[in-house]
Amino acid sequence: MSNLNNLTISDALDGMEKGDFSARELTEAHISAMEETRELNAYIVETPEIALEMADASDKKRAAGDAGLMEGIPIAMKDLFCTEGTQTTAASRILDGFVPTYESTVSGNLWNAGAVMLGKSNLDQFAMGSANITSYYGNVINPWQRKDSDAQLTPGGSSGGSAASVAARSAMAATGTDTGGSIRQPAAFSGIVGLKPTYGRCSRWGVVAFASSLDQAGPMTRSVRDAAIMLEAMAGYDAKDSTSVKLDVPSYQKALTGDIRGLKVGIPKEYRMDGTPKEIDEAWEQGIEWLKSAGAEPVEISLPHTKYALPAYYIIAPAECSSNLARYDGVRYGLRVDGESLDDMYERTRGEGFGDEVKRRILIGTYVLSAGYYDAYYNKARRVRTLIANDFKKAYESVDVILTPTAPSPAFGIGEKMDDPIAMYLNDVFTVPASLAGLPGISVPTGLSSEGTPLGLQLLGKAFDEETVLKVAGVVEEAAGFSALPQLMAGGK
Amino acid sequence: MSYRIKGNTGEWEVVIGLEVHAQVISKSKLFSGAATAFGADPNHHVSLVDAAMPGMLPVLNKEVVEQGVRTGLGLRAQINMKSVFERKNYFYADLPQGYQISQFLEPIVGEGTITLDLEGGDVREVGVERMHLEQDAGKSVHDQHPTQSYIDLNRSGVALMEIVSKPDLRSPEEAGAYLRKLRSILRYLGTCDGNMDEGSMRADVNVSVRKPGDELGTRTETKNVNSIRYVQQAIEHEAKRQVKILEEGGEIVQETRLFDASNGTTRSMRSKEEAHDYRYFPDPDLLPLVLDPAWVEDIKATIPELPDEKKERFINDFGLSAYDAGILVADREKAMFYEEVAEGRDPKLAANWVMGDFFGALNKSGLSLDASPVSAKQLGGLIGLIKDNTISGRIAKEVFEVMWETSKDADTIVEEKGLKQITDTGPIEAAIDEIMAANPNQVEAFRGGNEKLIGWFVGQTMKATGGKANPGMVNQLLKKKLAG
């Protein structure tokens, strides 16, 4: 591994601006790293030729004094973003071989800002999962391992390939999407930064939909500053997405002042849950201390409907997915398995095209929307969602930001929790409430567990106040000084 | 007289409700920029959204919303300032998304009224339950391949208005009057071309029967009937079928039926048990539609005079009968034509001419109004010549025929052919004198009391003057001279 792979985006931009190295050199280093770490299965498709072409174009633009916000930065694109001319699968067999004729708004924004595409990163099928074990293209392996064990760990999910590539230094950053924690949880498991912006901040146009009222794209990076840079490049109003919000995109880096004196940090008492490992609580306490030392004021708050968030989420998200995934029917694109009749063709195509977890959620979603069950499940879940949003609204009357753990455990082994979908769903317990409320959240790596694997803390903000989230995250990052490296990264340790 | 089905156990009343799907006139589709024009090659008006490609999102077309509001205002209906688009989920090969975006619990338009114009000028109010906006599906073509179907997505995503009546209709005639009136209103508003042949308007027909005064019976719904005549046939067939079943001790099954135009019957498509569970839920890709009251007011200001008001005005200002006024206003273009003819003329005479000779000639030649060889202004000119006694009504019919052939103005024809009415007593008296001299027997008979002979003398005089004599003057002079 060349030392180019260890740079942050901000350092790399400086280096290229000073002429220390070119976008091509930076990209070549990452292409090598991508090849070297193939065993992690972080990428579904590698696009080295496209990457080099884009890198050369970036070098020209920089030479012409026309460099964009992410000029020459090689990144991984989660394979949920449609990319024109490059296969996009959502990690499902049903879209195997599908090549879009269009570019998603967010990926287009990144290319316009000068980012370079290394490839399409692996994920849980249709972004459904918390361990990246539901991909048609195989599991993603976490670059981190437990002390004295070579057992394969999951990188979390659904943005597992993105998290693994950034942690393993085979990408400087990656896009993720977060529906119930799919950016933040894998970031925590992989020792990187993951930011889910406010719902409506980034366009969903061209992103394969899982649950439309929850899906939100965001950056996965190795520093808070990098997340700020990348979010600025990704975000913005899009007339093609009716749920995107017409707000100016601030320069997020300017928010990273490090000054959080007088800021009130909410500590929700409901997030102290029975059965949470001691070291998770300890990491949380440590985080509170860091913020206190930096002049912020911790305030205990109550988010009383927290315990209903997970069940409500696992009704609303499947309900929407059952409808969103109806278009994969074998008629127009993707997999078609012929049958005796139209219905038979549907059954065979969808039976063979979708993985078990996707089918499970389609079944749950269809059930909760059915006549006779609709009010008991879907409507009740929607009411719970409103109550949860109100919990946050009330809390934000007295605090500026909320600090919680990101996940209830460090990365677990591939194969663990596999036979119990409910145990898997519990991974999202700290991330789902903010998703239901549409609020921004970030996971920052703060240290290692007793097993030697990363732990993350989550900061949640007010709607469209990513700046405060980033500012406080910067302080946590600074205080934590997380510098540990994973075992299975490019170049080894 | 009320419409009744006569059964063995007595008379049955028929209860009908109509759900009309009307294609909205708009340049592009409800949620995409693809064109809506009829008749394009298959799959040529299809955007990425219409084909439901991965990651595509709907964006509401403001023009369609405006048309929806305009229609609601035209139906004198409640405009709901907040409405919600929901997904109606079902699988079909020509439904790319696997759901239709429609409105369910919160439609854009609430209750309204349509006034039916019935035989003999009678009117009756029929309630509109609601109107909502929704996407059309594509088209499946089953007859071009032995084992496979072709799909044409040109219609996929085109905006439809579903206008649901209350179960207020009681006969096939009323159902026909309802559809004609609705179509007339939509055409006046310019929100739907009402062209049933091209599928721009089609109806789902709900029918039940009951003994007069009883509770409502179980209804069936016959889907997608695409002409007024077929709707009437479907009602009649369905009502008789239901009466027969009930009188034989059976029960009506609530079901969806299909109309077979080849023999005017309906047959079962699917029963209630097989009915789809559409799993409606609010479309998370779209925010609730909230209207600005000022915008609705702006639209209100653009609503033209609609058939009911126009009819009222024709009756009150022009002295037309309710029947004549009803015929003239049914079609906006015809009403406008009439008004132009009547401008500055005798409105009743104008109405007679427009509805009589003019519509007659139009029908006979199979021409549309805008292709008529005689313009409204020209027809008005002809009527002016009658009114100022330049020509008689009889001559006017001749002149009109020439106008129809040549598109010349009436006064030019009158001039060229020398058809100007004779209002000078001299020539008329001379003609009468001649006739009386040549027909002494008739003169004798008249004077002997056979006064009916006056008609014969009038005819002879008109003949002698080439029809140009003023009939009033002929009458007057004849009476004087015959009296001796």
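## A tour of chains A and B

Begin by selecting chain B, where, in this predicted model, 42% of the 484 residues count as buried. With the whole of chain B still highlighted, turn the C-alpha trace until its principal axes line up with the screen, and you will find that it spans about 95 × 55 × 50 Å along them. Its radius of gyration is 30 Å, whereas a compact globule of 484 residues would have one near 23 Å. Switch next to a cartoon view, in which the secondary structure of chain B comes to 15 helices and 16 strands. If contacts in chain B are counted between residues at least 6 apart in sequence, 69% of them join residues at least 24 apart.

Now select residues 99–103 of chain B, which form strand 5. Is this strand enclosed or open to the outside? Because 5 of its 5 residues are buried, strand 5 of chain B is largely enclosed by the rest of the structure. Show the side chains and look at each face in turn: Tyr99(B), Ile101(B) and Gln103(B) lie on one side, Gln100(B) and Ser102(B) lie on the other, and all of them are buried, leaving both faces covered.

Keep strand 5 of chain B in view and add residues 85–89 of chain B, which are strand 4; the two strands pair in the antiparallel sense over 5 bridges. To follow the pairing at the level of residues, pick out Lys88(B), which stands opposite Gln100(B) of strand 5.

The next stop is the place where the chains touch, a contact that takes 33 residues from chain A and 24 residues from chain B. On the side of chain A that touches chain B, the elements giving two or more residues are helix 9 (309–324) and helix 10 (342–353) of chain A, and the largest share, 3 residues, comes from helix 9. Colouring that side of chain A by class shows 16 nonpolar, 10 polar and 7 charged residues.

Finally, stay with helix 9 of chain A and add helix 11 of chain A, residues 356–368; the axes of these helices come within 7 Å and cross at roughly 100°, which means that helix 9 of chain A is roughly perpendicular to helix 11 of chain A. Which residues should be shown as sticks where the helices meet? From helix 9 of chain A, choose among others Ile315(A), Pro318(A) and Cys321(A), and from helix 11 of chain A choose residues including Ile362(A), Ile364(A) and Val368(A). By class, this contact between helix 9 and helix 11 of chain A has 7 nonpolar, 3 polar and 2 charged residues.

Definitions and conventions
Residues are numbered from 1 along each chain as its sequence is written. Chains are lettered from A and ligands numbered from 1 in the order in which they are written. This is a predicted model: local features need pLDDT of at least 70, side-chain atom pairs count only at pLDDT 80 or more; totals for chains, interfaces and linings use all residues. Helices (H or I, at least four residues) and strands (E, at least two) are DSSP runs, numbered from the N terminus. The radius of gyration is taken over C-alpha atoms; the globule rule is 2.2 Å times the number of residues to the power 0.38. A residue is buried if 20 or more other C-beta atoms lie within 10 Å of its own, exposed if 12 or fewer, and partly exposed in between; C-beta atoms are placed from the backbone. Two residues are in contact if their C-beta atoms, placed from the backbone, lie within 7 Å. Ala, Val, Leu, Ile, Met, Phe, Trp, Tyr, Cys and Pro count as nonpolar, Asp, Glu, Lys and Arg as charged, and the others, Gly among them, as polar. Two strands pair if DSSP finds at least two bridges between them. Axes are lines fitted to C-alpha atoms, for helices over the stretch in contact, and angles run from 0 to 180 degrees between N-to-C directions. Angles under 35 degrees count as roughly parallel, over 145 as roughly antiparallel, 65 to 115 as roughly perpendicular and the rest as oblique.
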